[in-house]
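Trainee: Could you take me through one part of this model closely, namely the place where the two chains meet? I would like one connected account that I can follow with the structure open.

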Amino acid sequence: MQKVLTGNQAVAWGVMCARAQVVSAYPITPQTTIIEEIAELVSSGRLNARFIKVESEHSAMAGCIGASQAGARAFTATSAQGLALMHELIHWAALARLPVVMADVNRAMAPGWTIWTDQNDTLSQRDTGWLQFYCETNQEVLDTILHSFKIAEIIKLPVMVVLDAFFLSHTAEAIDIPAMADCDAFLPPYQGDLIVDVDNPRAFGGMAGTDVYQEFRYLQQEGMDQALQVAVDVDREFRQRFGRSYGLIEKYRCEDAETVLVTSGTITSTARDTIDEWRDRGEAVGLLKMRTFRPFPIEMVREALRGVPKVGVIDRNICPGFGGIWAQEIKAALYDLDEKDRPAVYGFIAGLGGRDVTPITINEILSKTHHPEKTDRHLNWIELKA
Amino acid sequence: MSPEVKGQITYEIPDREIMSSGHLACPGCGAALAMRTCLKIMGPRTVLCVPACCWAVIDGPFPYSSAGVPVVHCAFETAAITATGVRHALDMRGVKDVTVIAWAGDGGTFDIGFGALSATAERNENILYICYDNEAYMNTGIQRSSATPVGAWTTTTPSQHPKEEPKKNLVEIMAAHRIPYAATATVAFPDDLTRKLEKAKAMTGFRLLHIFSPCPPGHKSVESDSIKISRLAVDTNVFPLYEVENGTHYTLSRQSKDVPIKEYVRLQGRFKHLNDQAIAAMQERVNREWKRLLKRIECSE
Ligand SMILES: Cc1ncc(C[n+]2csc(CCOP(=O)(O)OP(=O)(O)O)c2C)c(N)n1
Ligand SMILES: [Mg+2]
């Protein structure tokens with residue numbers, strides 16, 4: 001079935017397709033319409049779930065944790081301040097190895113108060129043990145919600161599905177809604193093995209001494225390592241069933257590229273057009289779309305960028321005191337390449353606080369990467385007002 | 001004069017033990033005793049959600065657990081909402097005959113978890129919330145909470161400047177949420193505790209039990225005095241035993257003995273800096289609060 005849905009509705013419909021059983025959430029612009037739509041789906045009976053209308057995002061995540069620990073498929077959604085407020089529980093869900101799925105609509109952090117997109121909210125949850133997928137289209141949003149529950153339940157780690165404020169969240173596109181029977185075949189009911197069961201009483205998350213804690217962390221990292229293959233397998237199975245596939249990263253027109261731009265989120269769509277224009281002019285430029293932030297697909301990135309002379313990374317985020325976060329990760333991934341294969345990586349900060357990243361912006365970044373004589377190797381601010 | 005206490009029946013406390021020995025509570029711990037009694041009555045079809053507090057330690061380190069029922073450890077401020085999540089998940093799984101208990105200390109209840117507690121009560125979630133109240137943050141080494149009584153020493157209210165503010169009245173605040181059931185209890189009266197637990201168990205919606213729990217290291221008292229202190233808390237009217245149904249119907253559970261609070265205070269080192277004048281002021285406050293409670297009970301009739 002085709003339907004015209006905003007990105008936020010696509011999240012809600014993805015949650016319905018996944019038959020989430022407990023939703024625990026709190027409103028914040030631009031996430032709000034996700035939970036409004038879920039409230040509709042639940043009250044109309046289309047989604048058989050409990051919707052706990054909590055008093056804060058902190059409780060939203062704690063409610064998901066309780067529900068997931070007791071064996072229900074649990075979901076929440078938030079943005080920016082809400083995600084930051086959850087932080088303690090974000091760690092908790094991942095260390096408790098709970099397959100919670102959360103959508104975050106990227107919104108810049110306050111102050112000043114802003115509702116527009118950038119990635120600092122989600123990227124600053126980097127070290128919490130959550131998988132993170134960044135989406136480019138509304139279809140990808142819905143599909144990734146389905147992927148995420150499946151991946152999460154296999155590897156016992158929570159997953160964050162990330163979409164840009166307004167560019168996706170409030171923009172409507174025609175998208176394909178998979179049939180429930182196909183969804184059920186792809187994602188069977190959640191069967192947790194380590195869940196609350198009065199016939200087999202266990203304590204979950206109690207005191208961990210110095211003799212065991214490090215091993216918990218090791219096992220969590222092992223889960224992340226497995227996640228790379230599991231995510232690939234789930235994407236493949238999804239393609240077989242539904243005919244769509246995303247990969248953990250996507251190379252776009254990278255053949256013999258002399259310069260490759262690295263993007264994430266909706267900037268990718270704009271950049272595709274710019275790359276097309278440059279290719280039409282005969283320039284050897286390409287694009288690498290980063291869909292997956294955690295686990296970081298190190299080998300895939302190395303393979304994609306090996307031997308490319310120049311790489312420009314667009315960061316709609318800033319790690320103050322260092323630079324762009326994706327650039328930092330890409331550089332770390334490429335460090336172990338032989339020197340002759342190792343690209344020069346240029347970092348670009350653009351589009352913070354929802355400032356438009358237009359074809360003009362991307363042209364400038366591409367030019368500065370392709371002709372880097374005056375470009376800083378580390379950090380370049382684009383369209384910065386004097 | 002206090003109202004007549006109606007329907008007082010002696011309740012039989014089951015012999016069965018759900019909680020096992022080998023737990024990590026200090027000698028004379030009221031919280032361990034409260035849990036033991038609670039689980040005897042609630043039985044094995046119970047889930048506990050325990051935030052950071054002494055009980056997160058008492059249960060034992062991974063992979064051990066002394067509770068004998070599932071224990072979902074949770075973040076300090078999340079007992080009420082974690083229990084809510086567990087409740088909804090069990091309902092969705094068709095598991096209806098299990099009681100979900102949020103079991104938290106006074107810090108997790110009166111202070112850091114208060115927002116989530118209030119919200120959970122307002123939504124009338126189907127859980128039993130039990131606050132074992134040892135009147136300070138004991139896990140972290142005896143810091144004041146908003147449940148610490150006026151005049152008490154803690155490590156953050158040293159005896160030169162003991163706590164100046166009176167204890168927050170939890171049950172009144174929760175009653176103002178018009179929840180189905182709120183009651184006080186303490187370990188010296190296990191039959192009263194039994195009756196209240198059985199009553200709460202049979203109800204649905206948000207139920208709250210506030211259990212006063214002596215803490216020898218935190219109250220600077222002798223281990224073997226814990227029951228005596230618990231009894232005196234009631235008999236001095238410092239911690240009256242009562243119930244509130246639907247937020248408005250107050251009932252007294254035990255007749256007052258009007259024992260002077262000096263008897264209660266002198267058993268606890270946390271009050272030892274108080275002079276006669278300070279104790280008299282405390283007595284006055286207790287008397288006032290007691291009268292206020294009696295008025296509420298009167299109005300309920
Ligand atoms: C967010 C957060 N802040 C602080 C702590 C540290 N902490 C753990 S237990 C505790 C005090 C608990 O007091 P209470 O709830 O009264 O339980 P008790 O230890 O007295 O049994 C504190 C402050 C924590 N675990 N989490
Ligand atoms: Mg305490």
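Mentor:

**Where chain A meets chain B**

Happily: 36 residues of chain A are in contact (heavy atoms within 4.5 Å) with 42 residues of chain B. Keep in mind that this is a predicted model, in which local features need pLDDT of at least 70 and side-chain atom pairs count only at pLDDT 80 or more, while totals for chains, interfaces and linings use all residues. Residues are numbered from 1 along each chain as its sequence is written, chains are lettered from A and ligands numbered from 1 in the order in which they are written, and side-chain values use heavy atoms, with hydrogens and water left out.

Let's begin with area. The two chains, A and B, bury about 2800 Å² between them, and 68% of that lies on carbon and sulfur atoms; buried area is the accessible area (1.4 Å probe) that two parts lose on being put together, summed over both. Of the area that chain A buries against chain B, 24% comes from Arg50(A), Val198(A) and Met207(A), more than from any other three residues.

Now the polar side. The rule finds two salt bridges across the interface of chain A and chain B, a salt bridge being a side-chain nitrogen of Lys or Arg within 4 Å of a carboxyl oxygen of Asp or Glu. Arg45(B) and Asp199(A) meet through their side chains in a salt bridge, at 3.3 Å from N to O.

Which elements of chain A take part? Those giving two or more residues to the side that touches chain B are strand 3 (50-53), helix 3 (57-69), helix 5 (87-95) and strand 9 (203-204) of chain A; helices (H or I, at least four residues) and strands (E, at least two) are DSSP runs, numbered from the N terminus. Helix 3 of chain A gives the most, with seven residues.

Strand 9 of chain A also pairs across the interface: two bridges join it to strand 2 (residues 71-73) of chain B, and the strands run parallel. Two strands pair if DSSP finds at least two bridges between them. Within strand 2 of chain B, Val72(B) is the bridge partner of Phe204(A).

Finally, look at helix 5 (residues 114-122) of chain B, whose buried residues are Ala116(B), Leu117(B), Ala119(B), Thr120(B) and Ala121(B); buried means under 20% relative accessible area (1.4 Å probe, protein chains only). These residues pack against helix 3 of chain A, together with elements of chain B including helix 3 (79-92) and strand 6 (207-212). Just after helix 5 of chain B, Asn124(B) takes a positive phi of about 50°.

Technical notes: Buried < 20%, exposed > 50% of the residue type's maximum accessible area, 1.4 Å probe, protein only.
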